[in-house]
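Please find below my notes on this model, set out as numbered points. They may be read alongside the structure itself.

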Amino acid sequence: MAGSRKLVIVESPTKAVSLQKFLGSGYDVESSRGHIRDLPTSAAEVPAKYKGEKWARTGVNVEGGFEPIYVVAAAKKSMLTQLRAKLKQADELYLATDEDREGEAIAWHLLDELKPKIPVKRMVFHEITEEAIKEAVKKTRELDTDLVDAQETRRILDRLYGYEVSPVLWKKVTQGLSAGRVQSVATRLLVDRERERIAFQSADFADVEAVLGAAGGEPPTFPARVTAVSTRKLATSRDFDAQGKLVKDLLHLDLAAAQTLADALAGASFAVSDVEAKPYVRRPYAPFRTTTLQQEAGRKLGFTAQRTMSVAQELYERGFITYMRTDSVTLSGTAIAAARAQVKQLFGGKYLPERPRHYSSKVKNAQEAHEAIRPAGETFRTPEQTGLSGDQRKLYELIWKRTIASQMKDAEGQTISVKIGATFPQRITITGVGEDRVDTGRATLAASGRTITFPGFLAAYVESVDDDQSSDDAQTRLPALTQGQTLDPVSFTAAAHQTRPPARYTEPSLVAKLEELEIGRPSTYATIIRTITDRDYVFKKGQALVPTWLAFAVTRLLEQHFPKLVDYKFTARMEETLDEIANGDAARLGVLQEFYFGADGLNDLVNNLGEIDARKIATFPITDGIDLRVGRYGAYVEDAAGNRANVDTDLAPDELTPEKARELLQNPSDAERELGTVPETGLPVVAKNGRFGPYVTEVLPADAPKSAKPRTSSLLASMSLDTITLEDALRLLSLPRVLGKDADGQEITAQNGRYGPYLKKGADSRSLESEEQLFTVTLDEAIAIFAQPKVRAGARRAAAGPLRELGADPATGKPVVVKDGRFGPYVTDGETNATLRKADSVETVTLERAAELLAEKRARPAKTVKRRSTRAKKK
């Protein structure tokens, strides 16, 4: 062989291209395209010799040291053949998969499957630049089997949990459900928050908002609010509990009392009683780690966690940012130098602190990557210099700004708190809620302000906050005020308020909560949120994540029969245990034994469930005599008389009040509307809503034979339940309409199908242009249509114009349109198609939402079929 050849295997084609560019001709860089093997996903994939074992369906031999059965994906067979061929031509093998547990596991599987007879080196790096890659070649290491063990343990835990618990949900709730070690706990978090909202009782209160003037001041007027009448402080929202009760001895004003106070203040005199000024200092935020990037991209850019990680992966593999799955907030010396140089260049020396800033992670066991997420390289490219566009440009700019800001000076300013005394010309009586009277001649007001005197890092980056918080760069200016200074009354407004229930989680706040509770790993949060959404456990209302009634039923079953498995502390302890395995401080086998066979272990819980009342699990009382039930086809309300009404899928659980339930029962969406009778038979004809949409049908008498079937037909797209007439219904019930026979004696009919109106002749069919043709097309016209070449349905649909044009996809730059497809409306950029979800509609879907759906679709891995491969693994 002429010259030394080195084979480098990575897990991504994009990453392979990037490495090949830096390594040169002496290296062959190939991609495994992710995992090459996994546990079997169906009974067909389980090797024949294991099929008789009772544990075989899980793919894990729980009776034999929890040894997993690994099978190779069918789609990877040709790739493995190519890798083996390349391996024969190589003198050395470099396994250059990602440096976290998942990447280490991929490297181990490659090693175990390829069985190389040449030297093998583990090559790791956290950025794809020429310097980093060449340094990684020099500083290789051995495979870290502790990381492999941690990944394998997690995979087995998740498989056992899902395969043992999910069948219980199928039997007791409905088919197609899934349970997961972290997914079910995340769902419980959302359900718990919705329970709080359902139990919440709001309280009404009022206060007075004032505007006062300072002669010669700048600004000349400023806002203030009344805080006390005499010595009695006014109640605010934080002084009420979740049941709407006042928890302190405070003066509770209603709107009438507040108006009385506002009227009295108009004639009062005002003087400053106290001024307190404090310096304001805000230090920079730490550079991004995985979870903070997901949160900020969600708040600032409107990205889902899945979209954020997908775009970050692209940026990493193209060499624009460092590795994006990390708990660390540390910056290397090279990165700090690059950031400081750019601060001085772009903002000037006055924004640069004397010494570099260093950050340490507060996340327990943060160890899997060596650095925070930052721009790659020894010098940082500005967003303009990258040539990026769309989502990649937006996310890179976010990361770049955050990194630069982390090496800038503090923001400085001043906060001012002012107390103001109001003196009434004569004593007044204010009567609060519950006849709480205060007779007084004075009141107290308060005003506060903040000014930024030096923006520091805020000149580069300001972190987003939730709606009820003020951002770090927010300013409220007050005029220069001194104690004893008199003020002028300008306006006084009585304002009514209502306490609000705790806010629902959004994707960013759910990620923050999971991290706070130390549940799951940052790299898994995006997948978890996508899974619980796809399983109909959650839907989105704006940015809020709303649990469905199905999620309530599943969570209740798990809480009652698998309490440990959805316990927040237990799940967090399991994450800590997995970290211990990764650090070499715990043994894989002992952890699995305890989880499955230990006291209250999974095996014991599944095999000793006792009786589960499926109806009780799925029943939720709304008010006396009315229950919400989760059925096979969705949620519905039912009263004591057995009357039922479906509950819309977009109605949040906390919005199903007793009043709303009664309204649904009085006007059920599936109620029948009687249209008249069939002239020939006298059978009643009704129009109603069904599972598959509105339809008309005949009503057979109670004594009709069981073999008798009523004629039924779906409404045409141009019809509605409110306006359909008996004549319309009779036309629909006449379908299919027999047109006659062609020259060969074959009967031709006009029919209305799932995908629209069509003609049928034997096994052949042709689509009609309009629904009206169902009733007007003649036999001669039909024969002529069949004489034309058949047009593929896909081609026919493709020729149809878009329902809406939304604009250019931020990620690809291609035009995005909404189209009507075989399975409903979808968005497309010409290459990727994404079906609209239940909460989306053709009329309201935005370009941002379409881009989100397309990005999620692109990020989904393709499903593969797998086969078994033998392995040997330490216990």
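1. Aromatic pairs. In this predicted model, the count of aromatic pairs comes to 17, where two rings pair if their centres lie within 6.5 Å. In the pair made by Tyr285 and Phe457, the ring centres are 5.1 Å apart and the planes stand at 90°, so the arrangement is edge-to-face. This pair links distant parts of the chain, 172 residues apart: Tyr285 belongs to the loop between strand 12 (269-282) and helix 8 (290-301), while Phe457 belongs to the loop between strand 14 (436-454) and strand 15 (486-498). Tyr285 is buried, with a relative accessible area of 5%, and Phe457 is buried as well, with a value of 0%.

2. A second pair and the cluster. Phe288 and Tyr461 also form an edge-to-face pair, with 6.3 Å from centre to centre and 85° between the planes. This pair, too, links distant parts of the chain, with Phe288 in the loop between strand 12 and helix 8 and Tyr461 in the loop between strand 14 and strand 15, 173 residues apart. Both Phe288 and Tyr461 are buried, and one aromatic cluster is formed by Tyr285, Phe288, Phe457 and Tyr461.

3. Charges over rings. Two contacts of a charged side chain with a ring may be checked by eye. Arg188 lies over the face of Tyr568, at 4.2 Å from the ring centre, and Lys761 lies over the face of Phe786, at 4.8 Å from the ring centre.

4. The parallel sheet. Four strands with parallel pairing make up an open sheet in the order 2-1-7-8. Which strands stand at its edges, each with a single partner strand? They are strand 2 (27-31) and strand 8 (120-122), so one side of each is left without a neighbour in the sheet. From one strand to the next, the twist averages 20°. Strand 7 (residues 92-95) pairs with strand 8 in the parallel sense over three bridges, and Tyr94 stands opposite Lys121 in strand 8.

5. Helix 3. For the 14 residues of helix 3 (residues 101-114), a rise of 1.5 Å a residue gives an expected span of 20 Å, and the end C-alpha atoms are indeed 20 Å apart, which agrees. Is this helix enclosed or open, and how many of its residues are buried? Of the 14 residues, 12 are buried, so helix 3 is largely enclosed by the rest of the structure. The buried residues include Arg101, Glu104, Asp112 and Glu113 as well as Ile106, Trp108 and Leu110. Just after helix 3, Lys115 takes a positive phi of about 50°.

6. Strand 10 and its partners. Strand 10 (residues 221-229) pairs with strand 9 (residues 204-213) in the antiparallel sense over five bridges, and Val211 stands opposite Pro223 in strand 10. The pairing of strand 10 with strand 14 is likewise antiparallel, over four bridges, with Val226 opposite Leu445 in strand 14. Strand 10 also pairs with strand 11 (residues 232-233) in the antiparallel sense over two bridges, where the bridge partner of Ala228 is Lys233 in strand 11. Strand 10 and strand 11 form a hairpin with two residues between them, and Ser230 in the turn has a positive phi of about 60°.

7. Thr657. This residue lies in the loop between strand 21 (644-646) and helix 20 (658-666). Is Thr657 buried, exposed or partly exposed? With a relative accessible area of 31%, Thr657 is partly exposed, because the value falls between the cut-offs of 20% for buried and 50% for exposed. Thr657 and Val168 are 489 residues apart in sequence and 30 Å apart in space, C-alpha to C-alpha.

8. The protein overall. The protein holds 25 helices and 34 strands, and its C-alpha trace spans about 105 × 90 × 60 Å along the principal axes. Of its 875 residues, 51% count as buried. Among contacts between residues at least 6 apart in sequence, 68% join residues at least 24 apart. The two edge-to-face pairs described above, Tyr285 with Phe457 and Phe288 with Tyr461, are further examples of links between distant parts of the chain.

Key: Residues numbered from 1 in each chain as written. Predicted model: local features only at pLDDT ≥ 70, side-chain atom pairs only at ≥ 80, totals over all residues. Heavy atoms only, no water. Buried < 20%, exposed > 50% of the residue type's maximum accessible area, 1.4 Å probe, protein only. Pairing = 2+ DSSP bridges. Axes fitted to C-alpha atoms, helices over the stretch in contact; angles between N-to-C directions. Phe/Tyr/Trp six-rings, centres within 6.5 Å; stacked < 30°, edge-to-face > 60°. Lys NZ or Arg CZ within 6 Å of the ring centre and 35° of its normal. Expected span 1.5 Å × (residues − 1). Contact = heavy atoms within 4.5 Å.
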